[in-house]
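Visitor: Could you walk me through this model and show me how each label is earned?

Guide: Gladly, let us take the labels one by one.

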Amino acid sequence: KTAGKPIKCRAAVSRKAGEPLVIEEVMVAPPNSGEARIKIICTSLCYSDVTFLKLKDPPGCFPRILGHEAVGVVESIGDGVSELVEGDFVIPIFIPDCAECEDCTSKKSNLCSKFPFTVSPWMHDGSSRFSDLNGDTLYHFLFVSSFAEYTVVHVANLTKIDQSTPPNRACLLSCGVSTGAAWKSANVEAGSTVAIFGLGSIGLAVAEGARLCGAAKIIGIDVNPEKIEISKKFGVTDFVDSKNCGEKRVSQIVNEMTGGGADYCFECVGKASLVEEAYSCCRKGWGKTVVLGVDQPGSKLTFSSHEVLHRGKTLMGSLFGGLKPKSDIPILIQRYMDKELELDKFVTHEVGFEDINKAFDLLVVGKSLRCVIWM
Ligand code: CXF
Ligand code: ZN
């Protein structure tokens with residue numbers, strides 16, 4: 001029995017900005033009140049792991065255990081935990097869902113007020129459950145830190161799933177594919193036109209959802225023309241090569257293709273200039289632009305007052321696609337089990353834990369969508 005005792009296990013530690021992760025033995029403390037210790041079954045790589053590995057400290061933060069897309073099984077629980085028991089299968093999710101604050105009890109918000117989301121190097125109580133074998137503290141990442149055989153996560157950041165769900169598919173719902181499920185919170189209707197800026201996993205997850213919603217035209221926009229073929233599998237019907245628009249702006253091309261703008265535009269890159277482009281090609285009167293990408297902190301958006309004030313458009317920001325983890329994830333899993341939401345095509349690679357750095361290499365050069373890492 002390991003409950004109540006520290007566990008020694010392997011973790012892939014990010015020791016220095018931009019350098020490969022180092023697999024080493026670490027100590028994982030037992031869960032505090034409200035937390036669970038999880039044995040990770042598999043994890044997958046999201047571009048945010050790359051972004052935070054690249055950051056020089058500060059604001060980068062080392063040594064750190066990255067990773068935030070995963071499926072695990074509960075090894076032990078801390079005091080006061082009633083919603084999980086040992087052996088439960090869970091998906092950790094970086095935005096908390098405490099189930100009791102004004103936001104979590106409202107259908108209209110997914111931004112918990114009890115544990116406000118920040119990119120903190122700590123657990124919610126400001127401490128770490130990880131140390132290396134010298135006794136030095138290792139930092140957490142997005143309240144998940146899944147690049148370890150065991151991790152500790154607050155129950156507000158855990159969604160229980162059915163044990164029959166394939167873990168190497170369910171892990172995608174921890175971040176990228178769920179963020180792209182913003183089509184759900186945006187209520188994309190049958191017959192509508194959708195423009196997607198950026199065809200990585202998030203953009204393709206938007207396309208997949210727009211396809212499920214019965215969108216009539218799904219325009220994919222990317223700097224890389226190699227995305228044309230793959231994006232068709234996700235429902236993209238028209239492609240704009242943004243490096244080859246001649247004199248025209250992408251928004252002008254989308255406005256022409258849609259006869260006045262798309263009903264829904266999604267920004268899936270994290271670039272202020274693309275938010276402006278997306279907003280300029282959503283339709284007057286009812287067009288909605290949803291921002292899913294995350295730009296550098298402090299970046300500024302510029303809009304003309306005419307475009308914002310006189311054209312009836314909506315600009316909406318979100319984290320995790322506006323989804324509420326504990327209620328929306330089970331719905332997405334059901335749609336996967338019903339063979340509607342096709343998660344398989346996002347998984348381009350699968351590797352063993354010892355090859356975790358290969359997963360980074362593949363994602364950085366744009367060769368993979370999602371690489372599953374088995375522990
Ligand atoms: C992102 C969300 C915004 C802050 C950085 C991390 N989440 C997941 O990739
Ligand atoms: Zn992510």
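Guide: Let us start with Glu 208, which has a relative accessible area of 0%. Before going on, some ground rules: this is a predicted model, where local features need pLDDT of at least 70, side-chain atom pairs count only at pLDDT 80 or more, and totals for chains, interfaces and linings use all residues. Residues are numbered from 1 along each chain as its sequence is written, chains are lettered from A and ligands numbered from 1 in the order in which they are written, and side-chain values use heavy atoms, with hydrogens and water left out.

Visitor: Why is Glu 208 called buried?

Guide: Buried means under 20% relative accessible area, exposed means over 50%, and partly exposed lies in between (1.4 Å probe, protein chains only). Glu 208 has 0%, so Glu 208 is buried.

Visitor: And what makes Arg 211 partly exposed?

Guide: The relative accessibility of Arg 211 is 31%, which falls between the two limits, so Arg 211 counts as partly exposed.

Visitor: How do you know that Arg 211 and Glu 208 form a salt bridge?

Guide: The term asks for a side-chain nitrogen of Lys or Arg within 4 Å of a carboxyl oxygen of Asp or Glu. In this pair the closest N and O atoms are 2.8 Å apart, so the condition is met. Both residues lie in helix H5 (residues 201–213), 3 residues apart, about one turn of the helix. Helices (H or I, at least four residues) and strands (E, at least two) are DSSP runs, numbered from the N terminus. Glu 208 and Arg 211 are also linked with Glu 342 and Lys 345 in a network of salt bridges.

Visitor: How many salt bridges does a search of the whole structure find?

Guide: It finds 24. One of the pairs is Arg 15 with Glu 24, whose closest N and O atoms are 2.9 Å apart. Another joins the side chains of Lys 248 and Glu 256, at 3.0 Å from N to O.

Visitor: Are Arg 15 and Glu 24 buried or partly exposed?

Guide: One of each: Arg 15, at 33%, is partly exposed, while Glu 24, at 19%, falls under the limit and is therefore buried. In the other pair, Lys 248 has 36% and counts as partly exposed, and Glu 256 has 47% and is partly exposed as well.

Visitor: Now the ligand. Which residues are around ligand 1?

Guide: They are Cys 46, Ser 48, Phe 52, His 68, Phe 94, Val 119, Cys 175, Val 294 and Leu 319. A residue is near a molecule or strand if one of its heavy atoms lies within 4 Å of it. The protein covers 89% of the 270 Å² of accessible area that ligand 1 has on its own, with areas taken from the Shrake-Rupley method and a 1.4 Å probe.

Visitor: What makes Ser 48 a polar contact of ligand 1?

Guide: A polar contact is a pair of N or O atoms within 3.5 Å; within protein, one must be able to donate a hydrogen and the other to accept it, and residues adjacent in sequence count only if both atoms are side-chain atoms. A polar side-chain atom of Ser 48 lies 2.5 Å from an oxygen atom of ligand 1, so the pair qualifies. His 68 places a polar side-chain atom 3.2 Å from an oxygen atom of ligand 1, so that pair qualifies too.

Visitor: How is the shell around ligand 1 divided by class?

Guide: There are 7 nonpolar, 2 polar and no charged residues. Ala, Val, Leu, Ile, Met, Phe, Trp, Tyr, Cys and Pro count as nonpolar, Asp, Glu, Lys and Arg as charged, and the others, Gly among them, as polar.

Visitor: Why is Thr 151 called buried?

Guide: Thr 151 has 0% relative accessibility, so Thr 151 counts as buried. Its place is in strand E8 (residues 150–154). A polar atom of the Thr 151 side chain lies 2.8 Å from the backbone oxygen of Val 144.

Visitor: And is Lys 339 buried or exposed?

Guide: Lys 339 has 71%, over the upper limit, so Lys 339 is exposed. Lys 339 is found in the loop between helix H10 (325–337) and strand E16 (347–352), and its phi is near 65 degrees, a positive value in a residue other than glycine.
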